[in-house]
Amino acid sequence: MTGLSMLNAGISTQLLLSLFKVKGVVHYGIAGNADPQLQIGDVTIPQFWAHTGLWNWQRFGDGPGNELSLESFGDYTRKVGHIKFSDFNNETRNGKSVPNLLNNVWYQPEEVFPVHGTPEVRQHAFWVPVNPKFFAVAKDLEDLKLGGCVNTTCLPRAPIVVRVKRGISASVFVDNRAYREFLNSKFNATSIDMESAAVALVCHQQKKPFIVIRALSDLAGGGSSLSNEANTFASLAAQNAVDVVLRFISLLSS
């Protein structure tokens, strides 16, 4: 049990790896959904994870062609991409978005110092892959039958287990449709949560195999303004995640 946010998840993972002889990490829980083709209750197993909460916030007036502060020292980069806030303005002028004082935020890879790397020589990591063997085993989970009802409230179809390309994490609860659509289109992200990328990064630095299993509790920003689907289906999603984890461990053991 890590507790909420990237910091808690990273600390908890490092403590477990430091105090116990861990062969591999299976991290699980619920997540928001950025892919409208999937449904609440579905269980996703991403192949890659990234932390999208490390930013370089560009000064107003600069754009994609301008070097970021400290970029020349190798601290920051424009390779991952950015979000331009004026693209989301409600106000337009002559059919074009007016400038927004918030300007641009550029997503940054993490600085990492792997145990198998050169001491005190940093590396950078944005997309961190799960263990290939674990991911291959997870394919055999796709026929698992999962729960689809909370009391008398049932989902339109039976939930499924699906391996997906990418999941993302940040210490932000995303309940905003515009940002959800941006994350899906920009990064091809499906699962959105607040911890998994921290687990991934610690395991990457410690050279430990890992996998993440996340059940979808809501379409991020997709509910009405009065209620969020997570209030209704969080318990169902959590149980589905547990069911998939137990099946995964049994497959791994065999």
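**Note on the predicted model**

1. Leu4 counts as exposed, because its relative accessibility of 56% falls in the range over 50% that the term requires. This residue lies in the segment before helix α1, and its C-alpha is 25 Å from that of Phe135, a residue 131 positions away in sequence. The reader should keep in mind throughout that this is a predicted model.

2. The N-terminal region carries an annotation: UniProt, in an unreviewed entry, lists residues 1–24 as "signal peptide". In the model this span is 58% helix and 0% strand, and the C-alpha atoms at its ends lie 16 Å apart. Helix α1 covers residues 6–19, with Leu16 among them.

3. Which residues make the nonpolar surface patch of about 650 Å²? The contributors are Leu7, Ile11, Leu15, Leu16, Leu19 and Phe20. Of these, Leu16 can be placed in α1, and its relative accessible area of 47% makes it partly exposed, because the value lies between the 20% and 50% limits.

4. On the cysteines, the count comes to 1 disulfide, which is formed by Cys149 and Cys154 with their sulfur atoms 1.9 Å apart. The torsion about this S-S bond is about 105°, and the disulfide is therefore right-handed. As for the cover of the two partners, Cys149 is partly exposed at 40% relative accessibility, and Cys154 is likewise partly exposed, with a relative accessible area of 45%.

5. Is Cys203 buried or exposed? With a relative accessible area of 1%, Cys203 is buried, because the term applies to values under 20%. Cys203 belongs to the buried part of helix α4, which also includes Ser196, Ala197, Ala198, Val199, Ala200, Leu201 and Val202. Taken as a whole, α4 spans residues 196–206 and is mostly covered, with 8 of its 11 residues buried. Just after this helix, Lys207 takes a positive phi of about 55°.

6. Strand β14, made of residues 189–193, is largely enclosed by the rest of the structure, because 5 of its 5 residues are buried. Two pairings of this strand deserve attention. Strand β1 (residues 25–33) pairs with β14 in the antiparallel sense over 2 bridges, and here Asn33 stands opposite Ser191. Strand β13 (residues 161–169), by contrast, pairs with β14 in the parallel sense over 4 bridges, with Arg166 standing opposite Ala189. When the strands are inspected, it may help to recall that in a regular strand the side chains alternate between the two faces of the sheet.

7. Where is Val130 placed? Val130 sits in the loop between strand β10 (128–129) and helix α2 (132–138). Although it is a loop residue, Val130 counts as buried, since its relative accessibility is 6% and the limit for the term is under 20%. Its C-alpha lies 20 Å from that of Ala34, and the two residues are 96 positions apart in sequence.

Notes
Residues numbered from 1 in each chain as written. Predicted model: local features only at pLDDT ≥ 70, side-chain atom pairs only at ≥ 80, totals over all residues. Heavy atoms only, no water. UniProt positions renumbered as here; feature names shortened; annotations may be inferred. Patch = residues over 30% accessible without salt bridge, like charges linked within 9 Å, V, L, I, M, F, W, Y side chains within 5 Å. Areas by Shrake-Rupley, 256 points an atom, 1.4 Å probe, with all protein chains shown as cover. Salt bridge = Lys/Arg side-chain N within 4 Å of Asp/Glu carboxyl O. Buried < 20%, exposed > 50% of the residue type's maximum accessible area, 1.4 Å probe, protein only. Disulfide = S-S within 2.5 Å. Pairing = 2+ DSSP bridges.
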